[in-house]
There are 4 protein chains.
Amino acid sequence: MIKVGIVGGTGYTGVELLRILSQHPHARITAITSRKEAGLPVADMFPSLRGRVDLAFTTPDEAKLHECDVVFFATPHGVAMAQARELLAAGVKIIDLAADFRLKDTAEFEKWYGMPHACPDILAEAVYGLPELNREAIRKARVIGNPGCYPTSVQLGFAPLLRTPGLVDAGHLIANCASGVSGAGRKAEVHTLLAEASDNFKAYGVKGHRHGPEINQQLRAIAGGDGSVHCVFVPHLIPAIRGIHSTLYARLTPQGQQTDLQKLYEDAYRGEPFVDVMPAGSAPETRSVRASNVVRIAVHRPAADLAMVLVVEDNLTKGASGQAVQCMNLMFGLEETAGLNFVPVLP
Amino acid sequence: MIKVGIVGGTGYTGVELLRILSQHPHARITAITSRKEAGLPVADMFPSLRGRVDLAFTTPDEAKLHECDVVFFATPHGVAMAQARELLAAGVKIIDLAADFRLKDTAEFEKWYGMPHACPDILAEAVYGLPELNREAIRKARVIGNPGCYPTSVQLGFAPLLRTPGLVDAGHLIANCASGVSGAGRKAEVHTLLAEASDNFKAYGVKGHRHGPEINQQLRAIAGGDGSVHCVFVPHLIPAIRGIHSTLYARLTPQGQQTDLQKLYEDAYRGEPFVDVMPAGSAPETRSVRASNVVRIAVHRPAADLAMVLVVEDNLTKGASGQAVQCMNLMFGLEETAGLNFVPVLP
Amino acid sequence: MIKVGIVGGTGYTGVELLRILSQHPHARITAITSRKEAGLPVADMFPSLRGRVDLAFTTPDEAKLHECDVVFFATPHGVAMAQARELLAAGVKIIDLAADFRLKDTAEFEKWYGMPHACPDILAEAVYGLPELNREAIRKARVIGNPGCYPTSVQLGFAPLLRTPGLVDAGHLIANCASGVSGAGRKAEVHTLLAEASDNFKAYGVKGHRHGPEINQQLRAIAGGDGSVHCVFVPHLIPAIRGIHSTLYARLTPQGQQTDLQKLYEDAYRGEPFVDVMPAGSAPETRSVRASNVVRIAVHRPAADLAMVLVVEDNLTKGASGQAVQCMNLMFGLEETAGLNFVPVLP
Amino acid sequence: MIKVGIVGGTGYTGVELLRILSQHPHARITAITSRKEAGLPVADMFPSLRGRVDLAFTTPDEAKLHECDVVFFATPHGVAMAQARELLAAGVKIIDLAADFRLKDTAEFEKWYGMPHACPDILAEAVYGLPELNREAIRKARVIGNPGCYPTSVQLGFAPLLRTPGLVDAGHLIANCASGVSGAGRKAEVHTLLAEASDNFKAYGVKGHRHGPEINQQLRAIAGGDGSVHCVFVPHLIPAIRGIHSTLYARLTPQGQQTDLQKLYEDAYRGEPFVDVMPAGSAPETRSVRASNVVRIAVHRPAADLAMVLVVEDNLTKGASGQAVQCMNLMFGLEETAGLNFVPVLP
């Protein structure tokens, strides 16, 4: 059994990690930390875990994280990078669900997250944890920067169009995305109260969102390092708990217009356990992946020279904690789908 | 035009007062205070009021509340009683939407609200602002304790059964109630986040809720001062923005079993502009009163010796701000329905 | 008082017409027809109207629609065009909330609505009822084709960019829109059940939606008849009752990039009673216009050569019944805002 | 592997059976019937099952149900009883999720379900499938009447109070219950549309609900056949997809008032894998059991002589398909929790 520590288990990615790992056949959670809630049984905060998770939150000091095989950081930005060096030195692998190891450019990191990066050398070593695009590197990684929820869907949606050069006008991509409210985390804030966010819809982050630079960094990498790739990213808030829906637009070049897009996508994701390319003409629903690690994709051509890609994922599972466990499975030589094969909950 | 001041306009009862009063034919809002938001245009916080309310929040000092004809307190408990004496001295009438002037027993007030009462003499003078039960006293009042949202529905639902002595076992009443989340106010709290409260249902306040003593004080008064009246009050949280639904149970005495309950209720509320006794067999829906000042009531007899009363109201309108304006209308000799005649919004 | 008839009052645009018209100072509803529900009091179907609308549904034969001043059709497509000639002959004005008088090209109408047009001559005469773009023609009209809910928001959003030639690449517009479920009407269908549509998000109509040709017909007209204008329209379903949110994208030409877009929009809608151009940087919310006739617009420039316009409206009010009453006001020489000045309901 | 057939797989109990059984370690689904959808791949109707259930719907004739070990009926009332005799003769066990084998009194069945019972002898043999109260009989059963969703929660909630005679006034029980909309099934009906049922709350079935006689039959059996037991059952509709919340009231006798209710409940359910008696003072939430087979119960005493029991379950899992699989496990000698141990999905 893999000994797992979780730093910061009081948020939504934390409780989703607990849901998944408490059912995982090859993992055992040995510690969950929360300075604020130290001493509180985890199941008192999350009654859904009564009888399933018997641990209490502990302080980081008591948690003996250096004895773990792997530590997940389900914390705000800045926590993982402060503890990474010591854990690595103790031979512990790290999977950070926050942004500390996503942006390779430390200046970009500082700009968007408001703090200098604490360990650029570890950042340089860290692997971006999107298995469908980065599987071999993840297997060998000691440190994973687990992708953001939006970037996961945008990358998986655009990747087939960008990998072959010359199919689309890659400098003018649009990612019109929408997320359930759990994406904002389990923080007490007025704008995500039910009485504010229910029966409502709006764009947000219209002056710039942190996932924008992450998306662009990664799309450029997918396009073979083409620095001219540019994607406008516009997030919206769905009055729902879970789910991300991305509607992606790319102008097709003449070459792109002659490409069989359906085949392109089916070929790209053939054999992937968690990516489902739907039949032509489909409109995937977020609920079709609820509480599962599956991404569903449909590709359309609403005008002769326009590709439209629809992508759905569960923001807390494939968009966060499920993907993190998928990385763990790869890092420890397990079956990639171990503990992740639950069927979506519908209705 | 009546000059109106609002103290504490940043919560849901505040914005509902603004919605109603900005359309009122005989009222003009002259000041809205918020220490925290002083200087901010009201419409910047509530874009629904853009073009309709041109005021900015001011500090209490700048608000010149003593020049108003009436001041509404849409504040936390304790604010109105601190300012009441000075305003009354200046000839200003007061309508408090919080609890400062509801509980007549200062020991009860202190027990449930955690502070001593600042002005027991004004409390003694204050009138409980439920027009259907207290209309004449309201007309003459200088100070109104505007009823709580739950108590309004429970009182209007039980009143016909309690006014005639001997119809029910008044010592064993049950009020099984449910409220939309806006009843918890516009405070940043985890348990009312959309991701927590949506797709969910629970009881709350199971160890005792502040509206319990208010309900019992008033039901005893309705029953002519019968101290043996007792109602168990159990609130639940509906995953909805607005609306209160009360399911009331009273055991019928033999005399009660011989009473035509439908007629009893129709007689009790004949001519009331805001109380709609529905036909026998009805099940009122909260949405049928959404954003309106109407209460709908249906009375049933699910067993030979049991009366069940179903009551719906909008917690922010008839359960708070609409009722407060109804009181204002009475206090200033206006048509009772002035500015309150909007049709419910359905769907 | 204007005598108003409503054909087909059992759907959501019907009950919204009733909500508005029952509060209108200059209109009196004289008949509401429904073959299926003839004899049923309207308030039995919609308890929100108890005490406010005392009519019962009648058969079309009994309704004496020819004695009305104006008849609203809140019916499925095809009904209005079957009755239009006779009503016009009797001097009755017509406002159709369905699609019979929207598409000027009868072949397009037949293609999208599956029936030949019954009266091309009346269609030729009919005026597209979007007051902000067509006010003078509406004043003189006998027949109004009331715009679709999506087209209203898309047109008002793109109009300032299209009226001045050469600002945008008008052949490659994108309208990424989302609507509350009431837009699908009050028909019993599985896909709009709460258990299907709640906690969910999806695109729909991905193979083509009826509002697409209407949008393109109108955008071409706005652009002065430029046949090269083309907009890809992608609707999505919000798990909410009301509200449309449109996120519009247009590539800016060099000329467009030198234009002050905020000023362009403010100038375009200065003085419009129902269009609110929000300050730069805003993200309008659908709830900020809930149950009101207001449209709010914000214009952004997320990349140097891209304009993004955010538009919100209530699909049942400004997107349907409110707009229809706005047209009625114009047609009868009333104040344009008569009966439409209600403040949005928030929260 | 147990060969499983499902009759009527197009509703919510059907898709929930598919979710559970497709992950069950000892069951294999061999046929799913639907006359209407014969030929359609199951995953085309429920995309959540893409890649997990490869069957298509078949006609009952093609399904070879007589070769199954067990057949689940996820059908409307009346279907199971029409096919039971033939399947039993072929040695197939039957679990009916509808009401054909719940009410032991055929006159009651006919009264509430509008059809005569087709096989009273099989009804007499059938076992009521509530394992916590009926485990041994289920192990030996050939035919299971799987309990209704409401009755499951009401029985588990009241059972400890009724098993010991003399604790409560058993002739005046009240079950004030609320259910998510999926309880109404996947039928196209106006009243369960999102635009009708969302942001709303109401009682329903106020003139009598089919689950009332089932509840009373069972509570009498639990009370040792005491015919004076009577429970008033009042269901309400929660604007949520899943979840049942029951608030149960029973007047305590003097003997009952001297009983330690918390201990009574803990003793009653000690060792039960799917019943969680929460600590004193708890208020269970429906989301704490979402998509799981767990029931959580809290017992309170809001007045000296009143017991209040709060019960939550997932209406589609423990209230239907999960419970059915729990019965199957017992009938086939499997671990009772096999395939049912999934952790609730929260948030």
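Contact here means heavy atoms within 4.5 Å. With that in hand, the buried residues of α11(C) pack against five elements of chain C: α7 (149–163), α10 (254–257), β11 (275–277), β12 (295–303) and β13 (306–313). The model is predicted. This briefing looks at that helix, then at how chain C meets chain D and chain A.

**Helix α11 of chain C**

- Helix α11 of chain C spans residues 261–269.
- Its buried residues are L261(C), Q262(C), L264(C), Y265(C) and Y269(C).
- These residues lie on the same side of α11(C), because they cover an arc of only 160° around the axis.
- D260(C) caps the N-terminal end of the helix. A side-chain oxygen of D260(C) sits 3.2 Å from the backbone nitrogen of Q262(C).
- After α11(C) comes G271(C). The phi of G271(C) is positive, near 85°.

**Chain C and chain D: symmetry**

- A turn of 180° and a shift of 0.0 Å along the axis lay chain C on chain D, with an RMSD of 0.0 Å.
- The two copies are therefore related as by a two-fold rotation axis.
- The same surface serves both copies: of the contact residues of chain C, 100% recur in chain D.

**Chain C and chain D: the interface**

- Chain C gives 20 residues to the contact, and chain D gives 20 residues.
- Together the two chains bury about 1500 Å² between them. Carbon and sulfur atoms carry 71% of that area.
- Two salt bridges cross this interface.
- One salt bridge joins E196(D) to R186(C), with the closest N and O atoms 3.3 Å apart.
- Six residue pairs are in polar contact between chain C and chain D.
- On the side of chain C that touches chain D, helix α8 (residues 194–197) gives the most, with four residues.

**Chain C and chain A: the interface**

- This contact takes 44 residues from chain C and 44 residues from chain A.
- Chain C and chain A bury about 3600 Å² between them, with 56% of it on carbon and sulfur atoms.
- Eight salt bridges link chain C and chain A.
- D199(A) forms a salt bridge with R290(C), where the closest N and O atoms are 3.4 Å apart.
- Between these chains, 25 residue pairs are in polar contact.
- Elements of chain C that give two or more residues to the side touching chain A include β7 (173–179), α8, β9 (231–237), β12 and β13.
- β10(C) gives the most to that side, with four residues.

Notes:
Residues are numbered from 1 along each chain as its sequence is written. Chains are lettered from A and ligands numbered from 1 in the order in which they are written. This is a predicted model: local features need pLDDT of at least 70, side-chain atom pairs count only at pLDDT 80 or more; totals for chains, interfaces and linings use all residues. Side-chain values use heavy atoms; hydrogens and water are left out. Copies are superposed by least squares on the C-alpha atoms of residues with pLDDT of at least 70 in both. Buried means under 20% relative accessible area, exposed over 50%, partly exposed in between (1.4 Å probe, protein chains only). The arc is that of the directions from the helix axis to the C-beta atoms. A polar contact is a pair of N or O atoms within 3.5 Å; within protein, one must be able to donate a hydrogen and the other to accept it, and residues adjacent in sequence count only if both atoms are side-chain atoms. Buried area is the accessible area (1.4 Å probe) that two parts lose on being put together, summed over both. A salt bridge is a side-chain nitrogen of Lys or Arg within 4 Å of a carboxyl oxygen of Asp or Glu.
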